[in-house]
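Visitor: Could you give me a close look at the aromatic rings in this one? I'd like to know what they sit next to, and then have a wander through the surroundings.

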Amino acid sequence: MLHFDCDYMAGAHPEVLAALVENNAVQTVGYGNDPFCARAKDLIRQACAAPAAAVHFLVGGTQTNCTLIDALLRRTDGVLAAETAHINVHESGAVELGGHKVLALPSHDGKLCADEAEAYLRDFYADDTHDHMVAPGMVYISFPTELGTLYTLPELEALHRVCRSYGIPLYIDGARLGYGLAASPDVTLPDIARLVDVFYIGGTKMGALCGEAVVCTRPELLPRFFPLQKAHGAVLAKGRVLGIQFGALFTDDLYLRIGRHGVALARRLRALFESRGYRPFIDSPTNQQFFTLPNAVIDRLLPHATFEYWGPRGEAESKVRFVTSWETTDADIDALEALL
């Protein structure tokens with residue numbers, strides 16, 4: 001069976017797993033106060049060219065989003081995001097459950113437009129009744145977006161200017177950050193650290209068993225963050241497990257190597273479908289590829305390959321998503337070609 005459902009179907013990348021096994025019997029203090037976490041934080045700061053950044057390790061993406069949004073907002077604030085944003089459509093209302101409203105704006109191929117965010121902020125404060133309304137206290141985007149698309153450097157710079165103008169933080173959900181960086185022609189990790197107040201470097205979808213690394217380039221935005229992490233159940237007692245993994249991911253460019261591998265095979269997969277006349281309905285340059293396929297083709301593939309419907313099944317054809325990862329091989333694409 002071929003698997004193209006998502007990018008965390010398998011366990012850990014062999015180099016990450018080897019680091020865990022090698023250090024399995026080492027005893028350290030808990031809660032991330034260990035030499036492995038300290039080393040991983042230094043490596044991440046170096047990769048970001050942000051020596052003063054605060055780095056925190058959490059376990060999963062939804063948990064990270066909820067904890068950080070709660071930390072960055074006042075109790076009566078909401079978060080601006082595209083209507084297709086992960087926190088708005090695929091996190092089961094977790095942000096709202098935490099007491100903060102998602103203020104959804106139009107999506108442009110998954111992206112939030114800086115001009116529209118600015119207009120929302122301007123109109124909000126121009127309204128004499130704004131004290132009775134949920135205030136837009138931060139901006140959420142993801143890189144890549146929920147649809148696999150990428151912000152350009154000018155687009156990130158524009159969002160940065162808007163957030164600075166209104167004194168609110170810009171936050172990036174980086175669950176698939178490595179694939180975004182591998183596919184982007186003009187955005188680097190130091191660019192993100194320069195333009196974004198808080199972001200996280202996804203590990204779960206990038207070869208780790210679990211774990212996300214939060215980078216805060218303005219540490220004053222997260223005062224007493226550890227107690228809030230713990231209150232959200234976002235502290236791992238054996239914190240070194242996360243430090244060991246991110247230490248491996250940021251040694252010998254493994255994180256970017258994984259990203260490049262996933263993107264290269266996604267491009268092979270896309271070319272394969274396009275050669276048979278199936279065009280993507282979203283132009284994603286990353287490891288997520290979206291196609292509209294005849295139901296007959298889907299039904300013929302499903303006994304041999306797993307992938308996801310992207311929305312309800314249609315009468316004659318349906319939208320589907322294929323995802324590649326560190327574990328996808330050229331042989332997998334060859335086998336898919338044979339099935340097609």
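Guide: Let's start with a rule: a charge counts as sitting over a ring if NZ of Lys or CZ of Arg is within 6 Å of the ring centre and within 35 degrees of the ring normal. Bear in mind that what you're looking at is a predicted model. With that rule in hand, look at Tyr151: the charged end of Lys111 sits over its ring, 5.9 Å from the centre. Phe281 has a charge on its face too, with Lys319 lying over it at 4.8 Å from the ring centre.

Now for rings against rings. Two rings pair if their centres lie within 6.5 Å; planes under 30 degrees apart make the pair stacked, over 60 edge-to-face, and anything else tilted. That rule gives 14 aromatic pairs here. Take Phe4 and Phe322: their ring centres are 5.8 Å apart and their planes make 50 degrees, so this pair is tilted. What I like about it is the reach along the chain. Phe4 is in the loop between strand E1 (2-3) and helix H1 (14-22), while Phe322 is in strand E12 (residues 317-323), and 318 residues separate the two. Both Phe4 and Phe322 are buried.

For a stacked example, try Phe250 and Tyr255, with 5.2 Å from centre to centre and 20 degrees between the planes. Phe250 has a relative accessible area of 14%, so it counts as buried. Tyr255 comes in at 3%, so it is buried as well.

Back to Phe4, which has further company: Phe4, Phe273, Tyr278, Phe291, Phe307 and Phe322 form one aromatic cluster. Two of the elements around these rings deserve a stop.

One is helix H12 (residues 254-275), with 22 residues and a reach of 32 Å from its first C-alpha to its last, close to the 32 Å expected at 1.5 Å a residue. Tyr255 and Phe273 are both among its buried residues, as are Leu254, Ile258, Gly262, Leu269 and Arg270. After H12 comes Gly277, with a positive phi near 90 degrees.

The other is the strand partnership that involves E12. Strand E9 (residues 288-294) pairs with E12 in the antiparallel sense over seven bridges. In that pairing, Phe290 has Arg321 of E12 as its bridge partner. Five of the seven residues of E9 are buried, so this strand is largely enclosed by the rest of the structure.

While we're on strands, there's an open sheet of seven, in the order E2-E8-E7-E6-E5-E3-E4, with mixed pairing. E2 and E4 are its edge strands, each pairing on one side only. From one strand to the next, the twist averages 25 degrees. At the E2 edge, E2 and strand E8 (residues 212-216) run antiparallel over five bridges, and His56 has Val214 in E8 as its bridge partner. Helix H7 packs on this sheet, touching E5 and strand E6 (170-173), and its direction makes about 140 degrees with that of E6.

Another aromatic residue turns up between E5 and H7. Phe143 is joined to Pro144 by a cis peptide bond, with omega about 0 degrees. Pro144 itself is in the loop between strand E5 (135-142) and helix H7 (153-166).

Loops hold a couple of other backbone oddities. Ala49 has a positive phi of about 55 degrees although it is not a glycine; you'll find it in the loop between helix H2 (35-48) and strand E2 (54-58). Its relative accessible area is 56%, so Ala49 is exposed. Asp109 also has a positive phi of about 55 degrees without being a glycine, and it sits in the loop between strand E4 (102-105) and helix H6 (114-126).

One last stop, at another aspartate: Asp70 is in helix H3 (residues 61-72). Its relative accessibility is 24%, so it counts as partly exposed. Beyond its neighbours within four places in sequence, Asp70 is in contact with Gly98, His100, Leu228 and His232.

Terms used:
Residues numbered from 1 in each chain as written. Predicted model: local features only at pLDDT ≥ 70, side-chain atom pairs only at ≥ 80, totals over all residues. Heavy atoms only, no water. Phe/Tyr/Trp six-rings, centres within 6.5 Å; stacked < 30°, edge-to-face > 60°. Helix = DSSP H or I, 4+ residues; strand = E, 2+ residues; numbered from the N terminus. Buried < 20%, exposed > 50% of the residue type's maximum accessible area, 1.4 Å probe, protein only. Pairing = 2+ DSSP bridges. Axes fitted to C-alpha atoms, helices over the stretch in contact; angles between N-to-C directions. Contact = heavy atoms within 4.5 Å. Expected span 1.5 Å × (residues − 1).
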